[in-house]
Amino acid sequence: MDLHLLHAEPTPEERQAIDAVLAAARPVPRAGPRRDLLLPALQAAQARVGHVSAGALNHVCTVLHVPPADAHGVASFYGLLSTAPRPPRVLRVCDDIGCRCRGALELAAALEAAVGPPGREVGGATWLRSPCLGLCERAPAAFLTVAGPSPVERLFGPVTAPDAFAVLRGDLAVAAAERDPPPQAGDPSLRLLARAGAIDPESLDAYRASGGYRALRRALDLGPEGVLRELLDSRLVGRGGAAFPAGTKWEAVARQPVRPHLLVCNADESEPGTFKDRVLMEQDPFAVVEAMTVAGFATGCKVGWLYVRGEYPLAAERLAGAIAQARARHLLGDGLMGRRVRFDIELRRGGGAYVCGEETALFNSIEGYRGEPRNKPPFPVQAGLFGKPTLVNNVETLVNALDIVLHGGPAYAGVGTAGSKGTKLFCVSGCVKRAGVYEVPFGATVREVLALAGGATGSVKAVLLGGAAGTFVGPGELDLPLTFEGLRAAQATLGSGVVMVFDETVDLVPMLLRIAEFFREESCGQCVPCRVGTVRQEEALRRLAAGRPSGSAADELALLDEIGRAMRDASICGLGQTAAAAVESALRRFRPFEGRTLP
C-alpha cells in the first residue's frame, strides 16, 4: 500500500456503514478489541460504495485496533471483496463445470462480445467470471451485487444473454431471487426436506404448526446426556465429506473441562456442484436454528456461530429473520422454553473463499484473520474458535439431529445400510432433465438417483461424485450403491453429495482443466505442496490438452501422479489433499488425453 494511503479518510457514507456494524454487534465470549468484526465491517464498507477504499480500511483499523497490513491482507484474501475501485453494479457469471453443461461459456462469450472483457466498466456496471455459485439446479447462474444506501444482492438463474445485458443496464427485475420448490416438495416420507417448498419459510408459526420445535422440547426433557446418547445410538456421521461420527464429536466437546464451549454451523458450502445446504437454509431456516439450539444445549454451548456462504444472500436473509423471530419468542437467548437454559446465534457471512469450508480456516475467518487452515492437533473439540472447545458441523448434519432426537437414535440407525445410516441429500446437476436436491435413504444407486431427476439428457459419458474434490465414475458404474462403504470399495467418494452428469456432448478435457484451474485459484497459498502443486497440475494438463507434453505423454502422466501424491501427503488441509482426486480418477477411468495431437 502507498504511504499516502495510510492517511486517507473514509467518506461519511463509509464511516456510517462501518460504525453501524460495530453498534449492532452482540457480545462474544472474548475480552478485548473486536477483531472478529473485521470481515463484517469490510463487507459493510464495500456494500455502501462498491469496494474497500483506503479510507474505509483505515477507519476499520482505527476502531478495531487492527494493524493496517493485517487488515489489507484480509481484504485482499476474499474473492467478493475488492480493494480497487469498481462500479456499483457487479454481475458475477458462473463458468464452472456444472454451468458449462448449460451454456455458461456461450453466455460469457456473448457478454464479452457486447460489453467487453471481464472487469471492464460500462455505464456503472461490470461483469466477472466466477467459480461455482451453488445454484447448479438453475444453471447457468449469476450473482448480482449493487452497492449503495440500500445494497442489493441476488443469486439467480438460469441466466440468458438478454437477462445479463438488462441487469448491467440497471434493470434488476430480471434478477429475481425466487426459487422453485425442490422436486420432492410435499413428499411426507422425507425427513430433511419434508417442509422445503411445503410451508412458508419465513413464518415461525408455520414452522411450529408443521412440527417445528418439538425436537428442542424433547431435547430439554431428555437433558444433555440423553441427547448425546441418542446421537451415539443413531450412528450419524458428518455430511460434509469427512464422515466423522457426529455423536463422538458432540460427546468430546461436552466432556471438555475448559469453558466456554462454542458451536459453529459451517454453512460455507462452496464445493462445485453442491447446493443442498443452501436449499435447507432457504426453504427451512427455522430447522437450522432449532438444530443448532439442540446441539448447543447437548454440548454445553451458550453461543453458536452460523457462517453462511457469501454468495447466498437469500439464505442469509431468511436465517437472520428466523433468528430474530426465535429470539422474540424465547426460543433463543435466555430462558429457552421457560427453562434455565441459554443459547444464542451469531450470523456471519463468508467473503468468497472456498478454503473457508475447512473448519479451521473458517475459525480464522470469523476471528478476523485470513482464512488459512491451521495445523492439527490441537483439534477443534480441544481448541477451536477463539481457542475454545468447539463443535463444528455442516447444515445437513445438524438438521439430521432433529429427527434423531424426536424419534430416537435406534430408529434412525434402522434406515440405510450397515455402514451408512439415515437418508442423504444428493445434489443432481449437469446433463439431467430435472436438476435439484433429492433425499434418498443410503443404499440407493447412482442410476436410481438419476431416475428421480428424470434421467440424463443424452447418453451418460461420466458422472462426477462428490464435486471437484470427488471422483469420476463411468456409465458402467451406475449401479454403484451411494454409501460410504460402497463407494470406498469402488475407489470413489461420496463427498458432499454431488452427482453431476456429463453426456456424450461434453468434452471431459476442458472440464478437467477447469477443475485444475479452480484449485489453483482457490489455494490459500499457505503451504508449498498445495500452492505449487496446483499450479504444476494445471500446467501439465494444459500441455497434454494442447498435444505438447514435456517429453512423452507417459512422462507427463507420471509427473501428474507424482504431483498428486505430494499434495495428498503433505498439504495442510483437505483442499490440497483432494486437489488431484477428480483429475486422477478421470485419467484412470477414461484416458481423455489418449490420442490427442497438436490442433
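**Stop 1: the second largest cavity**

Select Leu39, Pro40, Tyr307, Arg348, Arg349, Ser365 and Ile366, which line the second largest cavity of this predicted model. By class, the lining has four nonpolar residues, one polar and two charged. The volume of this cavity is about 40 Å³. Now colour three elements: H2, S8 and helix H14 (359-367). Each of them supplies at least two residues of this lining.

**Stop 2: the largest cavity**

How many cavities of 30 Å³ or more does the structure hold? There are two. The largest cavity has a volume of about 50 Å³. To find it, select Pro373, Ser523, Cys524, Gly525, Gln526, Cys527, Cys530, Arg531, Ile572, Cys573 and Leu575. These lining residues divide into seven nonpolar, three polar and one charged.

**Stop 3: the second largest pocket**

Go next to Val21, Pro40, Gln43, Ala44 and Arg349. Of the 40 residues that line the second largest pocket, these lie nearest its centre. Pro40 and Arg349 also belong to the lining of the second largest cavity. The pocket offers about 1,200 Å³ of space.

Colour the elements that give two or more residues to this lining:

- the helices are H1 (12-24), H2 (38-49) and H13 (313-328);
- the strands are S1 (89-94), S3 (142-146), S4 (152-156) and S8 (342-349).

Which element gives the most to the lining? Helix H13 does, with seven residues. By class, the pocket lining holds 24 nonpolar, seven polar and nine charged residues.

**Stop 4: a five-stranded sheet**

Switch to the cartoon view. Select strands S11, S10, S14, S12 and S13. In that order they form an open sheet with mixed pairing. At the edges are S11 (436-441) and S13 (471-473), each pairing on one side only. From one strand to the next, the twist averages 30°.

Zoom in on S13 and strand S12 (residues 460-465). They pair in the antiparallel sense, over three bridges. Pick leucine 464, then look in S13 for its bridge partner, phenylalanine 472.

Now add helix H11 (residues 276-283), which lies across S11 and strand S10 (423-430). H11 runs at about 110° to S10.

**Stop 5: an aromatic pair**

A pair of aromatic rings is described by the distance of the centres and the angle of the planes. The model has 10 aromatic pairs. Select one of them, phenylalanine 442 with phenylalanine 484. This pair is tilted, with 5.3 Å centre to centre and 40° between the planes. What does it tie together? Phenylalanine 442 lies in the loop between S11 and helix H17 (446-452), and phenylalanine 484 in helix H18 (residues 484-489), so the pair links parts that are 42 residues apart in sequence.

**Stop 6: backbone exceptions**

Most residues other than glycine have a negative phi, and most peptide bonds are trans. Three places to select come next.

- Glycine 157 to proline 158: this peptide bond is cis, with omega near -5°. Proline 158 is in the loop between S4 and helix H7 (161-169).
- Lysine 376 to proline 377: this peptide bond is cis, with omega near -5°. Look for proline 377 in the loop between H14 and strand S9 (390-394).
- Histidine 65: phi is positive, about 60°, although this residue is not a glycine. Histidine 65 sits in the loop between helix H3 (54-64) and helix H4 (68-75).

Methods. Residues are numbered from 1 along each chain as its sequence is written. This is a predicted model: local features need pLDDT of at least 70, side-chain atom pairs count only at pLDDT 80 or more; totals for chains, interfaces and linings use all residues. Side-chain values use heavy atoms; hydrogens and water are left out. Two strands pair if DSSP finds at least two bridges between them. Helices (H or I, at least four residues) and strands (E, at least two) are DSSP runs, numbered from the N terminus. Axes are lines fitted to C-alpha atoms, for helices over the stretch in contact, and angles run from 0 to 180 degrees between N-to-C directions. Contact means heavy atoms within 4.5 Å. On a 1 Å grid over the protein atoms alone, a cavity is a set of points where a 1.4 Å probe fits but cannot get out, and a pocket is an open set with protein on both sides within 12 Å along at least five of seven lines; lining residues have an atom within 4 Å of a point. Grid points are joined across faces, edges and corners, and a volume is the space filled by probe spheres set on the points. Ala, Val, Leu, Ile, Met, Phe, Trp, Tyr, Cys and Pro count as nonpolar, Asp, Glu, Lys and Arg as charged, and the others, Gly among them, as polar. Rings of Phe, Tyr and Trp (its six-membered ring) pair if their centres lie within 6.5 Å; planes under 30 degrees apart count as stacked, over 60 as edge-to-face and the rest as tilted.
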